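Colleague: I am new to this structure and would like some help reading it. Could we go through a few features together?

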Amino acid sequence: MTLNERAAKLHALAIKLYVRDLTLLVGRLLMSFIFLHEGVTLATHFDGAAKAMAAQGVGLPLFVATIALQLGAGLSVATGVLTRLGAIGLGLFCLATATLFHTNFASQSELLNFEKDLAIAGGMFVLAVAGAGRISLDWLLARTLQQRQRDRETVASLLAVENPFSPEGRRAGLRRS
């Protein structure tokens, strides 16, 4: 394989990885938008929404938890912080919403809402398996923690070599002999 062929393969791989991560970011933003929008709408119209939910049999504590889940998990998915956990939470929420509120299949709009909730749940479960990708705060945090761990190990090694009386320094001295 020539150098140009290797370079072309590396370039194709880089583009593939970039497109994958960019696609995950766009997908996360699109899927989280519906939850963030709904959570903000419910929170800003709290009294009216609480009354409407009470008419559906949803009590105030569950209503508040719904808003918290939509906003918290929606931000989690959008920003890429604890993405898998947020995606699982929203996926389960969609399954619950579909089975509890959209089962009147005689109504075309209820059937459509049931199917949409199932589709969104499926997307969230796929996201939970795929993860947030490299364009996320999860990835940035993991990378920072890995760098800190490498820094600690480097400092520990340097300190061990400088102090011949420490157990690490004695071992290092024995290796030099």
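Modeller: Happily; we will look at a pocket, the nonpolar cores and one loop residue.

Modeller: This is a predicted model, where local features need pLDDT of at least 70, side-chain atom pairs count only at pLDDT 80 or more, and totals for chains, interfaces and linings use all residues. Residues are numbered from 1 along each chain as its sequence is written, and side-chain values use heavy atoms, leaving out hydrogens and water.

Colleague: What is a nonpolar core, and which residues make up the largest one?

Modeller: A nonpolar core is a set of buried (under 20% relative accessible area, 1.4 Å probe, protein chains only) Ala, Val, Leu, Ile, Met, Phe, Trp, Tyr and Cys residues joined through side-chain atoms within 4.5 Å. Here the largest has twelve residues, among them Leu 24, Phe 35, Phe 93 and Ala 128. At least two residues of this core come from each of α1, α3, α4 and α5, helices being DSSP runs (H or I, at least four residues) numbered from the N terminus. A second, separate core has six residues, including Val 58 and Ile 67.

Colleague: Which residues does Ala 128 touch?

Modeller: Leaving aside residues up to four places away in sequence, Ala 128 touches Arg 84, Ala 87 and Ile 88; contact means heavy atoms within 4.5 Å.

Colleague: And what about phi at Leu 82?

Modeller: Most residues other than glycine have a negative phi. Leu 82, which is not a glycine, has a positive phi of about 55°. Leu 82 sits in the loop between α3 and α4.

Colleague: Is Leu 82 buried or exposed?

Modeller: Leu 82 counts as exposed (over 50%), because its relative accessibility is 54%.
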